[in-house]
Each structure stands twice: as structure tokens, then as C-alpha cells.
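Grab a pencil and open the viewer. Below are a few exercises on reading a fold from its coordinates, each with a worked solution.

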Amino acid sequence: MAANEIVEVLQRAFPKAQVALPSTDEFSALNTSYLSRAQAELQPRAIFLPRDTKDVVKFIHIIKPYALQGGVKFAVRGAGQQPALGCNNVHDGITVDLRNLTGIQLKDDDATVSIGAGERWGDVYAALQEKGLAVTGSRSSMGGIGGLGLSGGLSFFSTREGFITDNVTNFEAVLASGEVINANIHENTDLFVSLRGGGNNFAIVTRYDMRTFKQGRFWGGTVFYFPNSFPSQVDAYVKELKDPEATNETHIMLGAGYSAAFAQVSDIMCMNQVYYTKEVENPPVLDPYVNMQPQLDQMRSVRMLDLVDAAKEQANHGSSTSRVSYMNTTVKADVPTLMAAYEIYVDALGPLKSVEGLTTSFTLQAYPKSLLDKTASAGGNSLGIDPLDGPLMSILILSFWQNKEDDGKIHSTFKGVIEAVDQDATTRGTAVPYKYMNYAAPFQDPIGSYGEKTRAKLQATSKKYDPEGLFQKGVVGGWKLFD
């Protein structure tokens, strides 16, 4: 069988330590280190660990003939934080784990940082913070570079600096031919724009160069409060987004949801995660989001902090040994639409409260005008969002639970919620097609949500740089261009 044959070829071509096989301790440790425990139920025939870009080139040359003939599939993993089943692991195929492609190097008089695809954001932030610098990356220190760099992504600094993907200035990529190229605003520009939102459809990216900026400490943290205050939070958020004089130094996430851990305190619990990205204590612009009463004072963490601290706190909020689901939609920043979406979500929770280990949240995160306006000057992306439609609001439904037998109930319930929210927004004239890839569920179509014109451009890029379709036929996880 081709899968067995490819494993033997890889074993002959690379040192033993770079090809982890099932039934070994190394394989088990690697395959159970995803954010969602469900990914570990996919059992690849081997996990390949390249040490450098040359190893990736060699791997592509080895696997290509097998993959194009349909004999074996492969997946590419960065940090393994995206929970959509199969997007970073593959059953009966080969998973390429990039964790050893490390390196954080400042260049261009510290205006750019070059980041290996196997790094995690916490280490990047620690290295840059020593120089008084930062970069627009994940809010969690555990996040990987590629999941956000190839899909869009929000940062603590996105209101001021734009999408994470728009801050990538160069991708070092291994094409299906095995050629290593750079894609940036000056060379291979069509691929550059396509990679900014196109996911795993074009190449294996081995290095990301990103724009840096000066950044000191800033004010922020988490507040837990009760659902009677949630409508006023939504109202304040939308009001700020529509204020033409609004600061671009805030980053705000509003959440409400259910957790068995809080069930004796409140059936629904709310959580704001708010930041003002200058070294100013108690900035008045954050007052509406931190001073509501009542709140759980003992869980309040708002303080002066640095980027490393903020990202560690976010990682703690998102750590998991559970099954995990993300799904999302986008609407215009409209209070009635957002409150209707919240009510649809809350009304659906009843039958789920018996699910063991359930924690679920309805989270609002804005795409402010200032963020959307950054895309054009940064060279463009593939997300298909018209800045004139802004400000917009992302609605994320995030769920953690324990048992596989509850998967169907969780997925079908919240799929129904997303569909009902989209239908309601359509009726109100506030619907937006965009679905953020990194928060997408398998049933969603983020590529299609970019619009047919953008999809056609992405397909043309694929045909140009991968004419035989290796990354369409061989990498079956994630969201594909021709589905």
C-alpha cells in the first residue's frame, strides 16, 4: 500500500528522529498535543519533523508522486491550535509537523522580524520585548504563526495595525515543484496576496517576515460580570465603533456563555477582555467595559501589563484537554442584530447543559474601520472584505467539552445557531458573507465567503504555482479552492 511505502521511503531518507511512528512514545506525545483532543483520534501513518527548509523540499519531492496518484494524503501542522478536524492532522497519511523550523531574527534595522514557521507567539514576543518592540500576532502565547498568518487574524494591536496577515511582509514558501521562493509586494505578488487568507492551498510556508513597531506596557485584562449588564456592553461597543473620533488604541472582546464551573453563581456568565495599548492607567475609554456592577471582583485582572504577560493570560483562558469547536459569522456592527444573535445563542443552550465538561461562549470581536482601512496600504489580502462595509463584528461560538458522544449534539446545535443568526441578519440587512478561516467549522466555507471574484483569483494562483494540484489533492484538510 502507498502509505506504507512512503513511510519506508521517509525512513530511508531522513534520520530516525525525524520520522515518528505509531506505537512510539514520541508519536503519542506529538499526536496528543493539539488544542482539541479530537484531532488525536486521527492517526497518521507517520509524523515527519523537518529540521529546515531543505528537509521540506526533500519531503515534497518524495511525497508528490504518491499524493498526485491518490495513494497518500498529508497535512501540515504549525502549533496545532486550530480545532477543525483534519485541518492540521490526517488519518492514514503523513502529518508534517513544523515545530523544529525555529528562529527569530530581527533585520532591516529592527523594522522586520523573521520568524520560523515552527515558532509560537510567546517566544516571539519575549524576544522582541527585550528591544522595546512588538508585532501584530496572536493574543495567546501558545498560538502558532501559520494559522493566523495565512488566514487573517486579530491581535491586541489590530485596531491600530490591521489584520495579522496584513503585517506579514514576506512569505518563504516551498512550492509543489520543490522550488523555494519568496512572496512579497515586489516578487510573486499574486501568491503573496493569495497567501494572506488562502490557508494551506498553495505551498508549505517555512518562514514569515513581519513588520515590527515600538511597544511598551499597556493597560488591560479580564472582567467577569452578569448578563443583565450585557446589553449595555454591546451598546457601548457599537457606539465606539461608529464614533469617527474613536481611538485606535483599544482592543475589546465581549463574551457571554455557560460553564458548569459558574453554574451555581449564574446560569449565564459574561466576560470582557479589554486592552488600551498605551501605558495609561485606567483610560476612560475602557470605563464602560470594566466598571459595570455587579461583577466578580476576585476574578478581575485589569492592570498594567506587557505583551508577554497579556499573551500568557490569554493562553490560560484557552488551554484545554478537551474537545473543542469553533464556528463563526460576521455581521455589521448593529445593536439589534447583535442582541438578537445573543438571544438565539442563549435560547439554544438548555439541552446542552447536561453535557459533561461543557464551557461555551458567544464572543463579539470587532473589525473596526481603522483595521479594515489598513489592508490596501499593506499590499492587499484575499479576505474579500470591503472597508466601506465596516465597522463589522465577528461572532464566535467557542465550545469545550469532554466526550466524543456529545460531538453531534454540540456541532448540530451551534450550526443551527449560526444559521439562524445569518438568517436574522439577512432579514435586517446587516448580514456580511465573510467567515474567518481560523474560527471556521468544517461545514463552513470561508473561501467561498470571500466572494466569487476572489475565489477565482485564488484558483488562478493555485493553477500557476501548483499546476498539478498537489495542495488540492494531497492536502485534503482545511478549506479548498475548487470545492
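Two strands count as paired if DSSP finds at least two bridges between them. One thing to keep in mind throughout: this is a predicted model.

**Exercise 1. Lay out the sheet of 8 strands, then find the bridge partner of glutamine 365.**

Solution.
- Start with the order. The sheet is open and reads β14-β11-β13-β12-β16-β17-β15-β18, with antiparallel pairing.
- Now look at the edges. β14 (303-305) and β18 (431-432) each have a single partner strand, so one side of each is left without a neighbour in the sheet.
- Zoom in on β16 and β17: these two run antiparallel and are joined by 9 bridges.
- Within that pair, glutamine 365 has serine 394 of β17 as its bridge partner.
- Add the helices. α8 packs on this sheet and touches β11 (218-225), β12, β13 (269-276), β16 and β17. The direction of α8 makes about 155 degrees with that of β12.
- α11 packs on the sheet too, with contacts to β12, β15, β16 and β17, and its direction makes about 165 degrees with that of β16.

**Exercise 2. Check the span of helix α11, then work out what buries it.**

Solution.
- Count first: α11 covers residues 335-347, which is 13 residues.
- At 1.5 Å a residue, the helix should span 18 Å. The end C-alpha atoms are 18 Å apart, so expectation and model agree.
- Next, pick out the residues under 20% relative accessible area. In α11 the buried residues are Thr337, Leu338, Met339, Ala340, Ala341, Tyr342 and Tyr345.
- Then ask what covers them. The cover includes the helices α8 (230-241) and α14 (407-428), along with the strands β12 (250-259), β15 (323-332), β16 (359-367) and β17 (392-401).

**Exercise 3. Describe how α8 and α11 pack against each other.**

Solution.
- A pair of packed helices is described by the angle between the axes and the distance between them.
- For α8 and α11 the angle is about 145 degrees, and the axes are 10 Å apart.
- The handedness of this crossing is right-handed.
- Finally, the contacts: Phe230, Pro231, Val234, Asp235 and Val238 from α8 meet Val335, Leu338, Met339 and Tyr342 from α11.

**Exercise 4. Do the same for α1 and α3, and place both on their sheet.**

Solution.
- α1 is residues 2-13 and α3 is residues 53-68; their axes come within 11 Å and cross at roughly 160 degrees.
- Angles over 145 degrees count as roughly antiparallel, and α1 and α3 are therefore roughly antiparallel to each other.
- The crossing of α1 and α3 is right-handed.
- On the α1 side the contact residues are Ala2, Glu5, Ile6, Val9, Leu10 and Ala13; they meet Lys58, Phe59, Ile62, Ile63 and Tyr66 of α3.
- Turn to the sheet: 4 strands, open, in the order β1-β2-β4-β3, with mixed pairing.
- Its edges are β1 (19-20) and β3 (74-77), each with a single partner strand, so one side of each lacks a neighbour in the sheet.
- β1 pairs with β2 (residues 46-48) in the antiparallel sense over 2 bridges, and alanine 20 has isoleucine 47 of β2 as its bridge partner.
- α1 packs on this sheet, touching β1, β2 and β4 (94-97), and its direction makes about 35 degrees with that of β4.
- α3 lies across β2, β3 and β4, running at about 155 degrees to β3.

**Exercise 5. Track down the unusual backbone geometry: cis peptide bonds and positive phi values.**

Solution.
- Know the baseline. Most residues other than glycine have a negative phi, and most peptide bonds are trans.
- One cis bond joins glutamine 293 and proline 294, with omega about 0 degrees. Proline 294 sits in the loop between α9 (287-290) and β14.
- Another cis bond joins glycine 390 and proline 391, again with omega about 0 degrees. Proline 391 is in the loop between α13 (374-377) and β17.
- Now phi. Aspartate 108 has a positive value of about 55 degrees although it is not a glycine, and it lies in the loop between β5 (104-107) and β6 (112-116).
- Aspartate 109 also has a positive phi, near 55 degrees, and is in the loop between β5 and β6.
- Buried or exposed? Aspartate 108 is exposed, at a relative accessible area of 51%, and aspartate 109 is exposed at 80%.

Terms used. Residues numbered from 1 in each chain as written. Predicted model: local features only at pLDDT ≥ 70, side-chain atom pairs only at ≥ 80, totals over all residues. Heavy atoms only, no water. Expected span 1.5 Å × (residues − 1). Buried < 20%, exposed > 50% of the residue type's maximum accessible area, 1.4 Å probe, protein only. Contact = heavy atoms within 4.5 Å. Axes fitted to C-alpha atoms, helices over the stretch in contact; angles between N-to-C directions. Parallel < 35°, antiparallel > 145°, perpendicular 65-115°, else oblique. Left-handed = near helix turned anticlockwise from the far one by under 90°.
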